[in-house]
Amino acid sequence: MANIIVSLIISLIVVLAIAKIVSEKRKGSTCIGCAESGKCSSAKSAKKQP
Amino acid sequence: MKIALAGNPNSGKTTLFNALTGKTAHVGNWAGVTVSKKEGLVKTTFNKTNADITAVDLPGAYSMSPFSSEEAIARDFVKNEAPDVILNIVDATNLSRSLFFTTQLLELSIPVVVALNKSDLVKNKKTDIDTQALSKLLGCPVIETMATKGFKNGLDNVISTALELSGKQQAVPFENKCVDLSDAKLVEAADIKRFAFVKSIVEKVEQRQVKNNTQTMQDTVDRVVANKWLGLPIFALIMWSVFSISQTHLGPILADTLVGWINAFYSIAEGLLGSDVSPVLSALLLDGIIGGVGAVVGFLPLIMVLFFLLALLEDCGYMARVAVIMDRFFKHLGLSGKSIIPMVIGTGCAIPGIMATRTIQNERQRRTTAMLTPFMPCGAKLPVIALFAGVFFNDAAWVGTSMYFMGIAIITFGALVVVRITGEKNARSFFIMELPEYRFPSVKRAVVSTLSRAKAFVIKAGTIILLCNAVVQVMQTFNWQFEVVAEGATGTSILASVASPFALVLVPLGFGVWQLAAAAITGFIAKENVVGTLAVVYGITNFIDTEELALISGSSDVANIMGLSSVAALSYLMFNLFTPPCFAALGAMNAEMEDKKWLWGGIAFQFGMGYVVAFLTYQVGTLITTGALGQGVIYGLVVTLILVATLIYFMYKGEHKAEQKLNMYTA
């Protein structure tokens with residue numbers, strides 16, 4: 001029983017971490033954990049102007 | 001409703017944008033910090049209507065005829081996306097230059113509100129600007145603002161005025177009929193007319209105290225800190241002090257509390273798990289997740305102190321002087337003077353640093369700068385520096401400082417190599433930069449910037465680093481048959497078998513063990529992972545000694561567990577700092593270089609430099625300290641010679657091509 005609970009806790013932590021990464025990516029963050037994340041433009045908008 | 005914030009570089013647009021929206025976009029007391037547009041909703045304290053107001057922070061521009069890509073972003077936005085109102089931020093300390101752009105904005109038939117920013121600095125200079133007269137002459141409202149001092153200083157007025165103006169016609173005080181932009185003479189003549197108009201306005205509205213040619217206090221300070229000979233030693237001293245405070249004095253004291261909490265949390269979790277839980281699960285939760293993440297988060301206070309001090313330096317105007325100091329060297333290397341700005345920004349994070357290369361017009365210089373910027377140690381590398389400085393060098397501040405100077409030395413070497421490979425060794429550049437005035441740094445802004453970075457660090461630790469540590473723990477626990485490896489036989493684990501081939505390559509660098517190789521590999525996902533993975537593979541809960549209020553020093557168990565000499569530790573540190581940055585930074589390099597040849601060439605150069613620097617550090621250091629060369633010297637020498645020969649070949653090829661080109665022109 002204890003093993004199941006611990007497995008669930010570990011799974012929950014991992015799922016939450018993945019969910020946070022996915023949600024940050026959906027918000028347009030180019031990289032998680034960068035102070036500029038979500039504020040800097042994506043690679044596409046970084047194209048040079050003629 | 002959309003309000004575009006437009007104005008000259010370093011006029012305070014981003015500071016105003018942050019104040020209006022509550023965002024924490026990076027600001028710097030110098031030109032060229034913002035290179036892309038940013039959007040945010042205006043806070044309800046300023047917006048009394050029910051409708052959303054979006055503020056758009058645009059990169060600085062001197063005119064509507066752009067010279068660089070970020071100026072083009074500003075021009076294209078106001079021209080093509082038709083904002084409802086343009087909020088033109090005018091630097092009141094430099095009215096004549098700023099109004100040139102203002103008169104161009106007024107021609108666009110979009111209502112303009114002029115925010116006369118830095119009005120506090122103008123008053124200090126005993127300069128008077130008649131805002132009412134200026135408003136009359138320009139045909140638009142002019143509001144004095146102090147973006148750095150909060151909303152009581154004109155910002156509330158700015159938004160209410162913008163709301164009133166939305167949808168109304170804009171008067172045009174000066175209009176240039178269509179000018180053929182391809183005709184330089186016509187453009188110049190039109191600009192002269194516009195300057196004359198601006199001059200006539202400034203003469204009517206501005207009264208400034210006429211200064212004689214005696215030096216101001218600022219000039220005196222600049223003569224010392226930006227001096228040809230003193231500039232660099234002063235910069236070294238300042239960086240040493242920053243590292244000393246953050247890693248030896250204040251940082252560890254603050255870290256003590258946090259590490260205490262992490263330890264307490266670890267103990268509670270350990271107690272709750274008890275002996276009934278499977279050792280595999282217990283190790284995954286305690287050592288992999290809590291221990292691994294905790295080891296990285298333990299460095300947070302040290303990093304926060306460092307970022308706080310760097311933010312103060314940037315805000316007071318010193319970092320702009322560093323750009324001037326470095327330009328003396330860089331202009332001889334075929335780099336743009338503007339190359340320094342991305343490198344200084346890169347000390348925070350390589351990604352915005354690489355993105356800042358957009359301000360460089362010359363393609364080769366832009367690509368070279370994007371390739372070399374990651375050599376400046378970024379924030380993610382600081383825990384690695386702090387760990388090794390603490391464990392192997394008794395918290396010596398020279399370790400961190402020397403890593404910055406080592407980064408500068410590699411950048412210098414890299415620039416010399418690239419300029420020869422591309423056959424442009426005679427290229428020279430000129431760097432004109434408006435030095436911002438020194439000002440007392442804002443503690444509030446530094447705190448906001450530090451907290452924003454700290455939040456990002458914690459998010460990274462709780463996501464990417466957590467997942468990596470969990471994966472490392474699982475890979476270390478099981479073998480390829482997915483059986484739990486026996487105690488003391490971790491060498492048979494999946495992790496060991498994956499990392500061992502890499503470890504072989506690293507033998508000549510002094511750290512050819514799979515644990516260190518594994519940590520270096522995970523560092524390519526995020527550099528903080530080096531610390532997290534070392535904690536997991538060596539089973540260390542934290543690296544900070546809470547009793548002595550210091551990083552664990554050389555005499556401790558950690559150094560013994562790793563089994564590294566001080567020289568090998570320095571070599572390992574350099575390898576992690578000077579090999580390619582994280583994948584996200586490589587993505588930014590790809591976006592800015594827009595050329596696969598340059599990208600892969602850059603990555604190969606970064607790998608080569610990291611390897612050779614670590615090899616030389618270990619072998620020369622071992623020779624000096626023990627009187628004999630280290631392990632694998634022949635093998636490492638062969639690799640080094642191959643890399644050097646490859647560079648020489650490309651340099652020869654580049655110069656040959658350049659000669660051919662020259663002959664073709666002279667023939």
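Student: In this predicted model, what is the pLDDT over residues 41-50 of chain A, and how many contacts beyond four places in sequence does the model have for them?

Tutor: Over residues 41-50 of chain A the pLDDT stays under 50, and the model has 13 contacts for this stretch beyond four places in sequence. Since pLDDT is the predictor's confidence in each residue, on a scale from 0 to 100, the contacts call for caution. Where pLDDT is low, the predicted coordinates should not be read in detail.

Student: What are the mean pLDDT values of chain A and chain B?

Tutor: For chain A the mean is 73, with 60% of its residues reaching 70 or more, whereas chain B averages 85, with 91% of the residues scoring at least 70. Chain B also has a stretch, residues 548-555, where the pLDDT is below 50, although the model shows 28 contacts there beyond near neighbours in sequence. For the model as a whole, the scores are ipTM 0.84 and pTM 0.79.

Student: What secondary structure do chain A and chain B have?

Tutor: Chain A has 1 helix and 0 strands, while chain B comes to 26 helices and 10 strands. As for burial, 28% of the 50 residues of chain A count as buried, and in chain B buried residues make up 51% of the 667 residues.

Student: How do you know whether the radius of gyration of chain B agrees or disagrees with that of a compact globule?

Tutor: We set the value for chain B against the one expected for its length: a compact globule of 667 residues would have a radius of gyration near 26 Å, and chain B has 28 Å, so the two agree. The C-alpha atoms of chain B fill a box of roughly 85 × 75 × 50 Å along the principal axes. Among the contacts in chain B with a separation of 6 or more, 74% are between residues 24 or more positions apart. The domain assignment gives domain 1 (2-207) and domain 2 (232-660) in chain B, and the C-alpha centres of these two domains lie 40 Å apart.

Student: What makes helix H21 of chain B mostly covered?

Tutor: A residue is buried if 20 or more other C-beta atoms lie within 10 Å of its own, and in H21(B), residues 529-538, this applies to 9 of the 10 residues. They include B:Asn529, B:Gly532 and B:Val537. The buried residues of H21(B) pack against five helices of chain B, namely H10 (279-297), H16 (382-393), H18 (443-477), H20 (514-522) and H23 (566-578). Just after H21(B), B:Gly539 takes a positive phi of about 65 degrees.

Student: How many residues of H16(B) are buried, and which residue follows H16(B)?

Tutor: In H16(B), 11 of the 12 residues are buried, including B:Leu382, B:Phe388 and B:Phe392. The helix is followed by B:Asn394, whose phi is positive, near 45 degrees.

Student: Why is B:Glu39 called partly exposed?

Tutor: B:Glu39 has 13 other C-beta atoms within 10 Å, and a residue is exposed at 12 or fewer and buried at 20 or more, so B:Glu39 falls between the two limits and counts as partly exposed. B:Glu39 sits in strand E2 (residues 38-41) of chain B, and, leaving aside neighbours within four places in sequence, B:Glu39 is in contact with B:Thr54 and B:Val56.

Student: Why do B:Ser109 and B:Phe482 count as exposed?

Tutor: The limit for an exposed residue is 12 or fewer neighbours; B:Ser109 has 10 C-beta neighbours inside 10 Å and B:Phe482 has 9 other C-beta atoms within 10 Å, so each of them counts as exposed. B:Ser109 lies in the loop between helix H3 (95-105) and strand E5 (112-117) of chain B, and its phi is positive, near 65 degrees, although B:Ser109 is a residue other than glycine. B:Phe482, found in the loop between H18 and helix H19 (494-506) of chain B, is not a glycine either, and has a positive phi of about 60 degrees.

Student: Why are H17(B) and H26(B) called oblique to each other?

Tutor: Helix H17 (residues 397-421) and helix H26 (residues 633-666) of chain B pack at an angle of about 45 degrees, with their axes 6 Å apart. Angles under 35 degrees count as roughly parallel and those from 65 to 115 as roughly perpendicular, and this angle belongs to neither range, so the two helices are oblique. On the H17(B) side the contact is made by B:Val417, B:Arg420 and B:Ile421, and on the H26(B) side by B:Leu647, B:Phe650, B:Met651, B:Gly654 and B:Glu655.

Key: Residues numbered from 1 in each chain as written. Chains lettered and ligands numbered in written order. Predicted model: local features only at pLDDT ≥ 70, side-chain atom pairs only at ≥ 80, totals over all residues. Helix = DSSP H or I, 4+ residues; strand = E, 2+ residues; numbered from the N terminus. Contact = placed C-beta atoms within 7 Å. Domains from an automatic or database assignment. Rg over C-alpha atoms; globule rule 2.2 N^0.38 Å. Axes fitted to C-alpha atoms, helices over the stretch in contact; angles between N-to-C directions.
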